[in-house]
Amino acid sequence: MNHRSLLLWMLFGSLLALAVARGNSNASLTGHVLGDHEDLNEIPVRYDDTELWRIHNISDALLWTVPVTEIMENKFGANIWKENPKYVDLSITKMQAKAARSFLNAHRMDTELLARNVQDLIDEEQLEGIRATQAKLGRRIRKASNDASGMNWNDYQSLETIYDYMREIRAKYPDICRLYTIGHTYGGRELKVLRISENPRDNKKIWIDGGIHAREWISPATVTFILSKLMDDWENQPKYIRELTWYIMPVMNPDGYHYSRTVNRLWRKNRSPSTRHANCFGVDLNRNFDIGWTSQGSSKDPCSDIYRGSAPNSELETKAVAEFLSKRKYNLEAYLTYHSYGQLIVYPWAFKAVKVKDANVLQRVANTAAERIIQKTGTPYKAAVTHEVLGIAGGGSDDWSRGVLGVKYVYTVELRDRGLNGFVLPPKYIKDTAIEGWTVAETVAQAIG
């Protein structure tokens, strides 16, 4: 048996053992949720013989004449990971690699190989998380754990564990916490938001969300960590923390998140079916909000990863968040949305190539957060206006919160890393990355106060 086969057998055995040890936390979802029946019929997607590339020499002028990402996606079957004015990251099968390189070379674009086999990244991510969780389970047997939900940041957690943790926090702090179900997904999963407040009527408000893109697992991990940082020592938090009303939604895309954990690790969108293409599913929720909806950076093709939907707010998730926040826009001072990857703290606008009028204020706060991150973990984050570093894209929740609700402190935080692992960030980096996410939230809260 070769090393790779041995690794896969170890992975299978460890997954089986972990399912038993955890009491199979996902099993409580099965049978109660429409989306799981679809998942059970699907063979998990593997990315063997798939490389991860970075394409250099991208420029705005070139993109107008040669739509690189569209061609790579439609002609060569590439999966776009990251697109910005400087480069494009994508995964592509080795079968298509030669033809794709010829096309890129013909247009004087260089390719850098970031990973030879994407499946190896995925396998190692899973195996590392299993090892860490098994070690924690061993310690828990010796010493009873305080967290009944099993929540920890040694591994990426299931949707059920995250929701159990939110319920646990609500039960522990019933006087200041309220747990909302603000809607349901196409698959029947709940959309959950936790409010933390000592004075909901008068306090200024801050909204934090994660998991709008399914494959960005570090995002829900970071948002749940922020929740833990707030609540593990609420009584001793500084005044500027306790005098805010916090709305926290760790997973805005539950169907997509569950699907990425069970079927396709690199799935991005939600899981709503298309009426135009029977074999295409999902809408990019961060292209579905009602602002700049038809501008560049999204697609009208239901099969595209950046499909904007049939209309603004067409998706149950988008509509639920928009309606919930529209009713609470009074005193809503901050909107933080966590993504990966890139190590960026960016602010509007994204749907057009201009800055907001008070960009200097937003830049100053973002700079402060970036400086504090360097002091805490040594990781560099760049603070900038969104369109300059990520390109133009309409329909985003960040622009919507600013343009429609009038929220002042609006930031999209692109967490680790800068492309070495991309979406498949090893679990050993969760805690430090989450500390970086918390540092941004803490800095913004201080600015509000």
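The exercises below work through a predicted model of one protein chain.

**Exercise 1. Overall make-up**

Task: State how many helices and strands the protein chain has, and what share of its residues counts as buried.

Solution.
Step 1. The secondary structure of the protein chain comes to 15 helices and 12 strands.
Step 2. The chain has 449 residues, and 59% of them count as buried.
Step 3. Take the contacts between residues at least 6 apart in sequence: 77% of these join residues at least 24 apart.

**Exercise 2. The disulfide**

Task: Find which cysteines form a disulfide, and decide for each whether it is buried, partly exposed or exposed.

Solution.
Step 1. Searching the whole structure gives one disulfide.
Step 2. Its partners are Cys280 and Cys303, with an S to S distance of 1.9 Å.
Step 3. The two cysteines are 23 residues apart, and both lie in the loop between helix 10 (254-262) and helix 11 (316-326).
Step 4. The angle about the S-S bond is 80°, and the link of Cys280 and Cys303 is right-handed.
Step 5. Buried means under 20% relative accessible area. Cys280 has 12%, so Cys280 is buried.
Step 6. Cys303 has 38% relative accessibility and therefore counts as partly exposed.

**Exercise 3. The packing of helix 8 on helix 15**

Task: Describe how helix 8 (residues 218-231) and helix 15 (residues 430-448) cross, and list the residues that meet.

Solution.
Step 1. The two axes come within 8 Å and cross at roughly 65°.
Step 2. The crossing of helix 8 past helix 15 is right-handed.
Step 3. Helix 8 contributes Ile218, Ala221, Thr222, Phe225, Ile226, Lys229 and Leu230. From helix 15 come Ile430, Thr433, Ala434, Ile435, Gly437, Trp438 and Ala441.
Step 4. Sorted by type, the residues of this contact are 10 nonpolar, three polar and one charged.
Step 5. Ser228 also lies in helix 8. Its relative accessible area is 3%, so Ser228 is buried. Beyond neighbours within four places in sequence, Ser228 is in contact with Trp153 and Tyr165.

**Exercise 4. The nonpolar cores**

Task: Identify which residues touch the most other members of the largest nonpolar core, and list the contacts of Ile196.

Solution.
Step 1. The largest nonpolar core has 88 residues, and Ile196 and Trp246 touch the most other members.
Step 2. Set aside the neighbours of Ile196 within four places in sequence. Ile196 is then in contact with Ile176, Cys177, Leu227, Leu230, Met231, Trp234, Leu244, Thr245, Trp246 and Ile248.
Step 3. Another core, of 17 residues, lies apart from the largest one; among its residues are Phe76, Ala78, Leu90 and Phe103.
Step 4. Leu230 appears in the contact list of Ile196 and also in the contact of helix 8 with helix 15.
Step 5. Cys177, a contact of Ile196, has a relative accessible area of 8% and is therefore buried.

**Exercise 5. The surroundings of Phe324**

Task: Decide whether Phe324 is buried or exposed, and find which residues Phe324 touches.

Solution.
Step 1. Phe324 lies in helix 11.
Step 2. The relative accessible area of Phe324 is 6%, so Phe324 is buried.
Step 3. Not counting residues up to four places away in sequence, Phe324 touches Tyr180, Ile182, Val193, Trp207 and Tyr247.
Step 4. Ile182 and Phe324 are 142 residues apart in sequence, yet 6.9 Å apart in space, C-alpha to C-alpha.

**Exercise 6. Backbone exceptions**

Task: Locate the cis peptide bond at Tyr341 and that at Asp417, then the positive phi of Asn331 and of Gln343.

Solution.
Step 1. Most peptide bonds are trans, and most residues other than glycine have a negative phi.
Step 2. Ser340 and Tyr341 are joined by a cis peptide bond, with omega about 10°. Tyr341 lies in the loop between strand 9 (332-340) and strand 10 (344-347).
Step 3. From Arg416 to Asp417 the peptide bond is cis, and omega is near -5°. Asp417 is in the loop between strand 12 (409-415) and helix 15.
Step 4. Asn331 is not a glycine, but has a positive phi of about 70°. Asn331 is in the loop between helix 11 and strand 9, and is buried, with a relative accessible area of 18%.
Step 5. Gln343, also not a glycine, has a positive phi of about 60°. Gln343 is in the loop between strand 9 and strand 10, and at 7% relative accessibility counts as buried.

Notes
Residues numbered from 1 in each chain as written. Predicted model: local features only at pLDDT ≥ 70, side-chain atom pairs only at ≥ 80, totals over all residues. Heavy atoms only, no water. Axes fitted to C-alpha atoms, helices over the stretch in contact; angles between N-to-C directions. Helix = DSSP H or I, 4+ residues; strand = E, 2+ residues; numbered from the N terminus. Left-handed = near helix turned anticlockwise from the far one by under 90°. Contact = heavy atoms within 4.5 Å. Nonpolar A, V, L, I, M, F, W, Y, C, P; charged D, E, K, R; others polar. Disulfide = S-S within 2.5 Å. Buried < 20%, exposed > 50% of the residue type's maximum accessible area, 1.4 Å probe, protein only. Core = buried A, V, L, I, M, F, W, Y, C linked by side-chain atoms within 4.5 Å.
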